[in-house]
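Colleague: I would like a close look at a single part of this model, with its strands followed one by one and its surroundings described afterwards. Please give the cut-off behind each term as you go.

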Amino acid sequence: IFRETGLLYDEKESTASNKASIAMVIAHELTHQWFGNLVTLHWWQYAWLNEGFARYFQYVIINEIEPSWRVLDQFVVAQQQSIFSTDSLNTSASLNSECSTPGEISSKFGSNTYSKGASVIRMIRHALTEETFRKGLRQYLNARQTMTAEPTHLYSALHQHAQADGRLSDVEDTVETLFAKWASQPGYPVIMVTRNYEDNSVTIRQVGDKTHSPHKDRAAGKTLTVVGVKIVNLLHEWDSKPDYRVKIVIRSRFYMSKSQASAETWSIPLSWTLQENAPSGFNTTTPERWLHDYEKSIEINNVTASNQWIIFNNQESGYYRVNYDATNWYRIISFLKSDNYENIHVLNRAQLLDDALNLARAGQLSYETALSLSQYLAREEDYIPWYSAFTGFSFISRLLANSNGYEQFKIFMLTLLETSYQSVGFSESTNDDQLTILHRANVLSWACTLGHNDCVSKANAQFKSWLESSSPDEINPISPNLKSVVYCTAIANGGSTEWNFLWERYGNSTLASTRTLILSALGCSKSTTILNNYLKKSVTNNSGIRKQDASYVFSGVYSNTGINTALDFLIDNSQKIKEFYSGMNAVTNSLTGIASRLTTTEQVAKLEKFIAENPDILESAQTGMNAIESAKSNLNWNNDNYDTIVNWLENSNPSNSENKLPPVHLTEIRTSISLSSAVELKTTSVLANYATKAGRFGTNIKSQRQGSWAVCCQGKQSLTGLY
């Protein structure tokens, strides 16, 4: 059973993204004739054998039909980089995680099964080549047709052809030993690439635990422990810390939370491109070497000249992140700021942005480095890298939104956006390709939200023209692809006249996709009174809002400027919401979305008090705990990164300086508390730190309680796009 928005397309009303989504749904379901119907999973724990293949081939099929859409490029940023976020949580489950209860089985049909399953399948395809991959799949389908299958059947079929085609001639492993852990273990690795600029060798590590003394006769000195993959800057500081032994604990699995570590390892297909071999080098996605799960590190000799960069994971074909030593990051940043930046493959430009911003968010790379890299976007006009950047910047924007430093962030973003804004313009052309249309929608959405004068003026003018027309339900002068940004901008900058006009259009519309778009836009208002009345409509019978569409109301409010309004409404009306949407997890879903956007101690305290006093309002106690931890992790992020980011922005923004690329400090030491250290952070001391910086967020610390301050990762994202 599909919602109308998943199948019905109207040339006059539907957007380009609606069209692509509908095509994807159809291609996905067609794929199930082979993966799911002809061969089906042996048990629900292997749901990825159905859904992972269907998700991957929906992109492959559409690429055959509409190659100009570049959906295989879109897959990387929309699927792989998206699931990276969820799969970096300590709570993420493996693709093969066992399930037996109805609830556990239902949970298998989430983004992990679909997007990670598809991403791992894509990695195998690149590692074995397209030709061998297809041969193996044909054998798998023929051998298991009308029967059930387990991953071992897939690996066996692929291995037979990989061996016959000589794809694994340089390793002794089977396809199963190389790839089984990607499905049997949760998460994914981050590799640390460290170069020796004297002998031009490269060391790639995924796990290790060793003590190093810069001078043997000082080995009895103090120990400085560094957790994570933040050893790069430390390497340059050994001589300046002669009294220290350095214990380096490198974790292979990437966690968004700095407090997490694990000893899990993977067999990682390594591909790379040297600056001298770009751009053609990026076309090779088969592994040049493997970093096996039993190897802590490998060294590659005589790789490239010391004054050139090296980039690993060509076209982000592998399901892992990459971090580099500071010098190599600087080489990459300098090249991206040159006229030759397009010599780095578009997917690797997207990869560099996504990896850098998320490594910085996790405390494994300085934000100075990540933001310096992103400055190159001032010349970037391709949709794919900007998609990655917008995703990473969304998190920063969300957490800085209520701070004094947000103005600096707005200046920074508007500076980066200007070239793209001038390129895409506010008017569509019949010659626009799919990605230009999608890129325009994203650029204008950010520009108008950040207050770009020309963008806001044109959006308001288009909405006014529609509002003043004699037949607004029959004739809408606004392009379907620009309706979202125009509607939201007009509602945000307007009053009750604009809001009531759009609400009336909602009531008169019959196309489901148009109705849900309007519901989201109505939440853009900055009026507390309007937003409260809007939220009341969502829990009122016969208001015109269908229960299954209520999520658009709540997310539309809390995703824009109405986070406090949404939080207060949820607290004051939680019982009514639960009863009105019985069985739809409405309170849980709204609470999860709201919690991820809380940024002040007052907001978090209000949330914590509500959950403590209403233990039965949520579907599970774990949901409440996750929401609190998600909100507190925002506070911790602000405490750790606010000053660094705002200071960098102040020094780099064109209104404050000449906007020169700040140097990456090779001698910077970034340390963190070792997991083995018996250091307990008490709430009192942590809140004291927040209190000293509270002025920037406009809040005060009213109470302090003893107890451990939980440092945790973000709660799971809501599940979308599941067919």
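The sheet and its setting

Modeller: The chain exposes about 30100 Å², of which carbon and sulfur atoms supply 46%; accessible areas come from the Shrake-Rupley method with a 1.4 Å probe, and for residues only the protein chains shown count as cover. This is a predicted model, in which local features need pLDDT of at least 70 and side-chain atom pairs count only at pLDDT 80 or more, while totals for chains, interfaces and linings use all residues. Residues are numbered from 1 along each chain as its sequence is written, and side-chain values use heavy atoms, with hydrogens and water left out.

The chain has 26 helices and 13 strands, these being DSSP runs numbered from the N terminus (helices H or I, at least four residues; strands E, at least two). Of its 723 residues, 55% are buried, where buried means under 20% relative accessible area, exposed over 50%, and partly exposed in between (1.4 Å probe, protein chains only). Taking contacts (heavy atoms within 4.5 Å) with a separation of 6 or more, residues 24 or more positions apart account for 74% of them.

The part I have chosen is an open sheet of four strands, whose order is E11-E4-E3-E13 and whose pairing is mixed; two strands pair if DSSP finds at least two bridges between them. Strand E11 (297-300) and E13 are the edge strands, each pairing on one side only. From one strand to the next, the twist averages 20°; axes here are lines fitted to C-alpha atoms, for helices over the stretch in contact, and angles run from 0 to 180 degrees between N-to-C directions.

Strand E3 (residues 190-196) is a good place to begin, because six of its seven residues are buried and it is largely enclosed by the rest of the structure. Towards strand E13 (residues 321-324), E3 has four bridges and the two strands run parallel, with Asn323 in E13 as the bridge partner of Met192. Towards strand E4 (residues 201-205), E3 has five bridges in the antiparallel sense, and there Val193 stands opposite Ile204. E3 and E4 form a hairpin with four residues between them, and Asn200 in the turn has a positive phi of about 60°. Most residues other than glycine have a negative phi, and most peptide bonds are trans. E4 in turn pairs with E11, antiparallel and over four bridges, and Val202 stands opposite Ile300 in E11.

Which strands does helix H10 lie across? Helix H10 (residues 326-336) lies across E3 and E13 and runs at about 105° to E13. Helix H11 (residues 346-361) also packs on the sheet, where it touches E3 and E13, its direction making about 75° with that of E13.

Beyond the sheet, a few backbone details deserve a look. The peptide bond from Ala278 to Pro279 is cis, with omega near 5°, and Pro279 lies in the loop between strand E9 (272-274) and strand E10 (289-291). Arg70, although not a glycine, has a positive phi of about 50°; Arg70 belongs to the loop between helix H2 (48-65) and helix H3 (71-86), and at 24% relative accessibility it counts as partly exposed. Thr129 has a positive phi of about 85° and is likewise not a glycine, but at 16% relative accessibility Thr129 counts as buried.

As for cross-links, a search of the whole structure finds two disulfides, a disulfide being a pair of cysteine sulfur atoms within 2.5 Å. In one of them, the sulfur atoms of Cys448 and Cys455 are 2.0 Å apart; the link is left-handed, with -95° about the S-S bond, and both cysteines are buried. In the other, the sulfur atoms of Cys488 and Cys524 are 2.0 Å apart, and the torsion about the S-S bond is about -105°, so this disulfide is left-handed. That pair links distant parts of the chain, 36 residues apart, with Cys488 in helix H17 (residues 483-493) and Cys524 in the loop between helix H19 (512-522) and helix H20 (528-537).
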